[in-house]
Amino acid sequence: MDRATPLGQPIIATQTAERRGCGVSNEQRSKPGRTGSEAGASAAGAALVPAQRERSRWRQRISTTLALIRANPTGRLALKVFVAITGAIIVTVGIALIPLPGPGWLLVIAGLGVWAVEFHWARRLLTFTRRHVYNWTEWVKRQSLSVRLVIGSVGLVFVSTVVWLSLKYSVGIDVVAWVLGHLRPR
C-alpha cells in the first residue's frame, strides 16, 4: 500500500529514496515536507490555494528533489548550510543596495525567499511581508486619483533624493549644483 500525504498524494520522494537504497526514518515517512496546499499560498499570504490545484511540473520536480535531499541526514545538513549561505549573500547584497538606486528591497525579499526553503522563521517573515505589500497596494488602488498622485509624487521625491545623495556622497557628483551652474546666466 502506498503511503500518502494528508491530501491523498503519494509520498514520491520517500518512495524514490527507498528505491535508491537511502534510509528513510519514520518521521520522514510521515512528514514529506510541504504539501501542495502549504506551498501554494497566495501572493497575499493570507489564503491558501485549494488543494485540488495541480502544481506545475517544475515546482513538483523541485519539491521532489528537495525531499530526496532531506531524506538523507548529510543531505539535509548540506542543504541547510547551502540555503543559509546563499540567502545570506543575497540579503547582504540587497541591504547594501537599499540606499543606492537599484533593486535593494527586491533582493532582500528574494533572499528571504531562499531562506524560506529551509527556515520557518523566514517563511513566516516572507508571508508577513507579502501580506503587507499586498494590503498596501490594494489600499492605494482604492484611493482616488488625487491621493494616488500625491503618493506617487512623494515616492518620486524620495527616490530622487536617495539617488541625488547616493551620487553626491558615493561618487562625488553633485547633480543639483551641476544643473544650477548651467541654469545661471553668464
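A residue is called buried under 20% relative accessible area, exposed over 50%, and partly exposed in between. At 29%, Ile-98 therefore counts as partly exposed. The legends below describe a predicted model.

**Figure 1. Overview of the protein chain, with 9 helices and 0 strands.** The order of elements from the N terminus is α-α-α-α-α-α-α-α-α. The chain has 186 residues, and 21% of them count as buried. Its accessible surface is about 13200 Å², and carbon and sulfur atoms account for 67% of this area. Among contacts with a separation of 6 or more, 43% join residues 24 or more positions apart. The structure contains 4 salt bridges.

**Figure 2. Close-up of the largest nonpolar core, which has 10 residues.** Its members are Leu-66, Leu-79, Val-83, Val-91, Leu-112, Trp-115, Ala-116, Phe-119, Ala-122 and Leu-126. At least two core residues come from each of α5 (73–97), α6 (104–115) and α7 (120–142). The largest contribution is that of α5, with 3 residues. In soluble globular proteins, nonpolar side chains tend to be buried together. Val-91, one of the core residues, is in contact with Val-108, Gly-111, Leu-112 and Trp-115 when neighbours within four places in sequence are left aside. Of these partners, Leu-112 and Trp-115 are listed in the core as well.

**Figure 3. Close-up of helix α5, a helix of 25 residues.** From the first C-alpha to the last, α5 reaches 36 Å, close to the 36 Å expected at 1.5 Å a residue. Which residues of α5 are buried? They are Gly-75, Leu-79, Val-83, Gly-87, Val-91 and Gly-94. An α-helix has 3.6 residues a turn, so residues three or four places apart point the same way. The buried residues of α5 pack against α4 (57–70) and against α6. Leu-79, Val-83 and Val-91 from this list are also part of the nonpolar core.

**Figure 4. Close-up of Ile-98 in the loop between α5 and α6.** Not counting residues up to four places away in sequence, Ile-98 touches Gly-104, Trp-105 and Val-108. Val-108 is also a contact of Val-91. The C-alpha atom of Ile-98 is separated by 9.5 Å from that of Val-162, a residue 64 positions away along the chain. The relative accessibility of Ile-98 is 29%, and the residue is partly exposed.

**Figure 5. Close-up of the salt bridge between Glu-118 and Arg-70.** The two side chains meet at 2.7 Å, N to O. The pair links distant parts of the chain, 48 residues apart: Glu-118 is in the loop between α6 and α7, and Arg-70 is in helix α4. Glu-118 counts as buried because its relative accessibility is 10%. Arg-70 counts as partly exposed because its value is 23%. A network of salt bridges links Arg-70, Lys-80 and Glu-118. Side chains of opposite charge can pair when their charged atoms come close.

**Figure 6. Close-up of the salt bridge between Lys-141 and Glu-138.** The N to O distance between these side chains is 3.3 Å. Both residues lie in helix α7, and their spacing of 3 residues is about one turn of the helix. Lys-141 is exposed at a relative accessible area of 57%, whereas Glu-138 is partly exposed at 24%.

**Figure 7. Close-up of the salt bridge between Lys-168 and Asp-174.** The closest N and O atoms of this pair are 4.0 Å apart. Which class of exposure does each partner have? Lys-168 is partly exposed, with a relative accessible area of 28%. Asp-174 is also partly exposed, with a relative accessibility of 25%.

**Figure 8. Close-up of a nonpolar surface patch of about 740 Å².** The patch is made by Val-171, Ile-173, Val-175, Val-176, Trp-178, Val-179, Leu-180 and Leu-183. Helix α9 (residues 175–183) supplies the largest share, 6 residues. Trp-178, one of the patch residues, is placed in helix α9. Is Trp-178 buried or exposed? Trp-178 is exposed, because its relative accessible area is 56% and the class begins over 50%.

Notes
Residues are numbered from 1 along each chain as its sequence is written. This is a predicted model: local features need pLDDT of at least 70, side-chain atom pairs count only at pLDDT 80 or more; totals for chains, interfaces and linings use all residues. Side-chain values use heavy atoms; hydrogens and water are left out. A nonpolar core is a set of buried Ala, Val, Leu, Ile, Met, Phe, Trp, Tyr and Cys residues joined through side-chain atoms within 4.5 Å. Buried means under 20% relative accessible area, exposed over 50%, partly exposed in between (1.4 Å probe, protein chains only). Helices (H or I, at least four residues) and strands (E, at least two) are DSSP runs, numbered from the N terminus. Contact means heavy atoms within 4.5 Å. Accessible areas come from the Shrake-Rupley method with a 1.4 Å probe; for residues, only the protein chains shown count as cover. Patches are made of residues with over 30% relative accessible area and no salt bridge: like charges are joined within 9 Å, nonpolar side chains (Val, Leu, Ile, Met, Phe, Trp, Tyr) within 5 Å. The expected span of a helix is 1.5 Å times one less than its number of residues.
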